[in-house]
Amino acid sequence: MSDLLERLRARGWRLTAQRRVVAEVLDGDHVHLTADEVHARAAERLPEISRATVYNTLGELVSLGEVIEVSTDRRAMRYDPNAHHPHQHLVCAKCGTVRDVHPGGNPLADLPNEERFGFAVSGVEVTYRGLCPSCRAAA
């Protein structure tokens with residue numbers, strides 16, 4: 001499980017009912033929800049939560065570095081609570097399922113100096129694409 005709630009408590013982040021439910025919805029492994037999906041799931045637990053509150057809370061969590069924004073399909077941004085554990089993403093090209101993967105090696109180290117063009121590279125994002133088992137079986 002993601003340790004999002006524990007991290008937020010340790011930071012002393014004020015956990016209102018609305019913030020808590022957003023954090024609870026995001027907590028877990030392989031969680032990559034859109035803001036609308038977070039709102040829908042949060043509203044199941046706390047019907048009065050507004051879309052604006054969800055968007056504001058997600059923005060705060062990203063600003064704090066406790067959640068990362070992931071773009072997998074050039075459409076809706078997804079929110080990943082696995083912000084403190086380096087990982088890459090595996091995305092199904094058909095249904096959009098996203099899974100966290102932890103391949104060996106260091107992709108930053110794999111970029112030769114002559115390919116850095118003088119950049120001081122500080123991060124790497126790798127996305128693996130393919131078909132998940134369900135979509136492969138249906139094909």
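Before opening anything I noted my cut-off: a residue is buried when its relative accessible area is under 20%. The model I am reading is a predicted one.

**Entry 1: H39**

I started with H39, which sits in helix α3, residues 35-45. Is H39 buried or exposed? I looked up its relative accessibility and got 13%, so H39 counts as buried. Next I checked what its side chain reaches, and found the backbone nitrogen of R51 at 3.5 Å. I then listed its contacts, skipping residues up to four places away in sequence: H39 touches I49, S50, R51 and V54. R51 turns up in that list too, and residues 51-64 are helix α4.

**Entry 2: H30**

I went to the other histidine on my list. H30 is in the loop between α2 and β1, the latter being residues 33-34. Its relative accessible area is 29%, so I put H30 down as partly exposed. Which residues does H30 contact once neighbours within four places in sequence are left aside? I found V98, R99 and D100. I also took a C-alpha distance from H30 to N82: 8.1 Å, with their positions 52 residues apart along the chain.

**Entry 3: helix α1**

I moved to α1, residues 4-11, and pulled out its buried residues: L4, L5, R7 and L8. Looking down the helix axis, I saw these fall within an arc of 160°, so they line one face of α1. I reminded myself that an α-helix has 3.6 residues a turn, so residues three or four places apart point the same way. What do the buried residues of α1 pack against? I got two helices, α2 (17-26) and α4 (51-64). Just past the end of α1, I noted that G12 has a positive phi of about 80°.

**Entry 4: the whole chain**

I stepped back and counted five helices and six strands. In sequence order I wrote the pattern as α-α-β-α-α-β-β-β-β-β-α. Along the principal axes, the C-alpha atoms fill a box of roughly 55 × 40 × 25 Å. Of the 139 residues, 35% are buried. I looked at contacts between residues at least 6 apart in sequence, and 49% of these join residues at least 24 apart.

For the surface I got about 8,600 Å² accessible, with 50% of that belonging to carbon and sulfur atoms. Last came charges: I have 17 positive and 19 negative side chains, and the centres of the two sets are 4 Å apart.

Technical notes: Residues numbered from 1 in each chain as written. Predicted model: local features only at pLDDT ≥ 70, side-chain atom pairs only at ≥ 80, totals over all residues. Heavy atoms only, no water. Buried < 20%, exposed > 50% of the residue type's maximum accessible area, 1.4 Å probe, protein only. Helix = DSSP H or I, 4+ residues; strand = E, 2+ residues; numbered from the N terminus. Arc of directions from axis to C-beta. Contact = heavy atoms within 4.5 Å. Areas by Shrake-Rupley, 256 points an atom, 1.4 Å probe, with all protein chains shown as cover. Lys, Arg positive; Asp, Glu negative; His and termini not counted. Charge placed at Lys NZ, Arg CZ, Asp CG, Glu CD. Polar contact = N/O pair within 3.5 Å; in protein donor to acceptor, adjacent residues only side chain to side chain.
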